Amino acid sequence: MLPSKDYQSKILVIGATGNVGKELVQQLIGRKLRTRILVRDPAKMPLNSDGLLETVIGDLDNVETLAGAMNGIEKMFLITGNTQQDKNVLQIGKTSGLQHIVKLSTQESGWTPVKGHGLWHHEREELIKESGIAWTFLRPCMFMNTAISWAPMIKEKGVVRYPGGAGKIAPIDPWDVAAVAATALSSRGHEGMGYELTGPELSSIRDMTQIISKVIGKQVSYVEESDTDFINDLLQARLPKYVADGLVATFGFVRAGDFAHTTNAVESVTGSKPRTFEHWCLENKAAFE
Ligand SMILES: NC(=O)c1ccc[n+]([C@@H]2O[C@H](COP(=O)([O-])OP(=O)(O)OC[C@H]3O[C@@H](n4cnc5c(N)ncnc54)[C@H](OP(=O)(O)O)[C@@H]3O)[C@@H](O)[C@H]2O)c1
């Protein structure tokens with residue numbers, strides 16, 4: 001399905017059904033910006049909102065569908081699952097008039113040296129830089145909604161079994177990542193910028209467990225999970241082995257203190273302080289009860 005000629009959006013959102021993308025679409029529409037989204041599954045199309053949303057069926061793995069989806073697009077929010085998908089987007093973008101890519105990357109991608117998952121994203125960032133298309137890289141810390149995966153064990157056993165130990169991180173609400181993306185897509189001055197995005201406070205997984213416990217009014221304890229058990233859980237959840245290995249490595253960096261810092265990037269870009277984990281828990285309380 002191609003957008004009609006007289007109704008072309010200039011902004012395309014990839015990953016519009018994902019954690020960040022679904023928040024981003026709402027925020028762009030809230031700013032009255034015509035927005036096109038690419039979805040793989042027609043059943044996942046959101047309802048049109050104020051006539052500002054166009055939906056195109058497509059797939060990052062299928063260059064032909066990308067050509068249609070990117071027709072007339074100047075700015076794009078991009079999340080990809082592998083480097084070939086970035087190559088597919090760039091193949092079209094170099095001749096389609098695409099002017100700016102706002103790419104969802106990861107925190108470690110901007111570090112020296114680049115570590116863990118950051119290596120995959122860094123490779124894709126470099127390809128985008130070489131393309132000549134303007135870019136903004138969003139490099140967030142762990143999303144707060146990772147905690148949703150803890151809900152079954154909290155409900156059944158009153159426990160969070162997860163790696164991390166005493167290591168501190170600064171988890172971020174995907175809503176804040178989306179707010180930075182919406183600003184970068186709708187105002188000038190973000191080209192060539194890599195933003196390391198964190199939440200407002202440092203917490204260990206134990207600290208996060210205590211906050212959930214306080215919000216739901218139920219005792220929840222934290223048990224540090226071994227790497228072996230963690231990897232088995234991830235494989236059982238059908239994550240590819242290389243992704244599971246990458247996550248185990250990440251929690252090694254967490255224990256080593258590599259993630260124990262906050263940045264002011266969310267506030268400096270959006271003008272608003274990032275949301276706290278307690279705020280996120282209050283909004284998502286029902287998931288744990
Ligand atoms: N989770 C974290 O804590 C964290 C922290 C830092 C960085 N990140 C980065 O954030 C990214 C994930 O973002 P997210 O959590 O917002 O996404 P997500 O919830 O995992 O959703 C993935 C999105 O991509 C779409 N998608 C997948 N394959 C596609 C394809 N072949 N063609 C078109 N669309 C496709 C999915 O659509 P469908 O609905 O069709 O599946 C969905 O909308 C990753 O790059 C990750 O490294 C995550």
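This report describes the ligand shell, one helix and one residue of a predicted model.

Residues are numbered from 1 along each chain as its sequence is written. Because the model is predicted, local features need pLDDT of at least 70 and side-chain atom pairs count only at pLDDT 80 or more, while totals for chains, interfaces and linings use all residues.

Around the ligand there are 24 residues, of which the closest are Gly15, Thr17, Gly18, Asn19 and Leu60; a residue belongs here if its C-beta atom, placed from the backbone, lies within 6 Å of the molecule. Helix α1 (residues 19–30) gives the most to this shell, with three residues, where helices (H or I, at least four residues) and strands (E, at least two) are DSSP runs, numbered from the N terminus.

Helix α4 comprises residues 118–130, and its 13 residues should span 18 Å at 1.5 Å a residue, which agrees with the 18 Å between its end C-alpha atoms; the expected span is 1.5 Å times one less than the number of residues. Gly118, Trp120, His121, His122, Arg124, Glu125 and Ile128 of α4 are buried, meaning that 20 or more other C-beta atoms lie within 10 Å of their own (12 or fewer is exposed, in between is partly exposed; C-beta atoms are placed from the backbone). The elements that cover these buried residues include those in the table.

| Element | Residues |
|---|---|
| α3 | 83–96 |
| β5 | 100–104 |
| β6 | 134–140 |

Leu235 lies in helix α8 (residues 227–236), and it is partly exposed because 13 other C-beta atoms lie within 10 Å.

Technical notes:
Two residues are in contact if their C-beta atoms, placed from the backbone, lie within 7 Å.
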